[in-house]
Amino acid sequence: MSVDLTKPVLVVDDYNTMIRIMHNLLKQLGFEQIDDASDGSTALAKLRKRDYGLVISDWNMEPMTGYDLLKEVRASPEFSNTPFIMITAESKTENVIAAKKAGVSNYIVKPFNAATLKTKMEAVFPSAAE
């Protein structure tokens with residue numbers, strides 16, 4: 001699977017500053033269409049309306065967490081194959097294991113930079129590596 005820079009990316013985070021940072025990083029990496037949602041339930045509604053090439057979600061949000069969103073996405077036949085990267089400030093081993101079991105494509109611990117994001121995305125889209 002290769003990354004399609006023209007396909008929209010959905011960034012899910014309840015912190016506006018983080019959404020702005022992700023927009024900037026994704027634009028630097030060449031993505032053209034970036035949508036955002038402030039929690040998992042808003043993200044699910046957007047996923048039902050548009051075909052996203054990638055979901056990047058924070059773990060800690062209310063009322064629906066990124067982990068709950070991940071489980072919903074993987075349980076849904078229409079988005080079960082959508083690449084999903086989880087971002088969190090917590091590096092607890094049990095969280096990483098839980099996310100992997102739930103089907104996360106990759107996992108990023110905050111803080112991170114554009115190079116880290118690019119590396120994690122290349123692991124999700126192996127043919128995107130240069």
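## Report on the predicted model

Pro111 lies in the loop between β5 (106-109) and α5 (114-124). The model described here is predicted.

**Cis peptide bonds**

Lys110 and Pro111 are joined by a cis peptide bond with omega of about -5°. Another cis bond links Glu62 to Pro63, with omega again given as about -5°. Pro63 is placed in the loop between β3 (54-58) and α3 (66-75). Most peptide bonds are trans. The two cis bonds are set out below.

| Bond | Omega | Loop holding the proline |
|---|---|---|
| Glu62-Pro63 | about -5° | between β3 (54-58) and α3 (66-75) |
| Lys110-Pro111 | about -5° | between β5 (106-109) and α5 (114-124) |

**The sheet**

Five strands form an open sheet in the order β2-β1-β3-β4-β5, and their pairing is parallel. The edge positions belong to β2 (34-37) and β5, each of which has a single partner strand, so one side of each has no neighbour in the sheet. On average, neighbouring strands are turned by 20° against each other, direction ignored. At the β5 edge, β4 and β5 run parallel and are joined by four bridges. Ile87 stands opposite Ile108 of β5.

Helix α3 packs on this sheet and touches β1, β3 and β4. The direction of α3 makes about 170° with that of β4.

**The buried side of α2**

Which residues of α2 are buried? They include Gly40, Ala43, Leu44 and Leu47. These residues cover an arc of only 100° around the axis and therefore lie on the same side of α2. Among the elements that cover the buried residues of α2 are β1, β2, β3 and α3.

**Nonpolar cores**

In soluble globular proteins, nonpolar side chains tend to be buried together. The largest nonpolar core of this model has 21 residues, and the members touching the most others are Leu10, Val12, Leu47, Leu69, Leu70, Phe84 and Met86. Two or more residues of this core come from each of β1 (9-12), α2 (40-49), α3, β4 (84-88) and α4 (93-102). Leu47 thus appears both among the buried residues of α2 and in the list of core members with the most contacts to other members.

Leu70 is another residue in that list. Leaving aside neighbours within four places in sequence, Leu70 is in contact with Phe84, Met86, Ala99, Ala102, Gly103 and Val104. A second core, separate from the largest one, has 20 residues, including Val11, Ile34, Leu117 and Phe125.

Methods
Residues are numbered from 1 along each chain as its sequence is written. This is a predicted model: local features need pLDDT of at least 70, side-chain atom pairs count only at pLDDT 80 or more; totals for chains, interfaces and linings use all residues. Side-chain values use heavy atoms; hydrogens and water are left out. A nonpolar core is a set of buried Ala, Val, Leu, Ile, Met, Phe, Trp, Tyr and Cys residues joined through side-chain atoms within 4.5 Å. Buried means under 20% relative accessible area, exposed over 50%, partly exposed in between (1.4 Å probe, protein chains only). Contact means heavy atoms within 4.5 Å. Two strands pair if DSSP finds at least two bridges between them. Axes are lines fitted to C-alpha atoms, for helices over the stretch in contact, and angles run from 0 to 180 degrees between N-to-C directions. The arc is that of the directions from the helix axis to the C-beta atoms.
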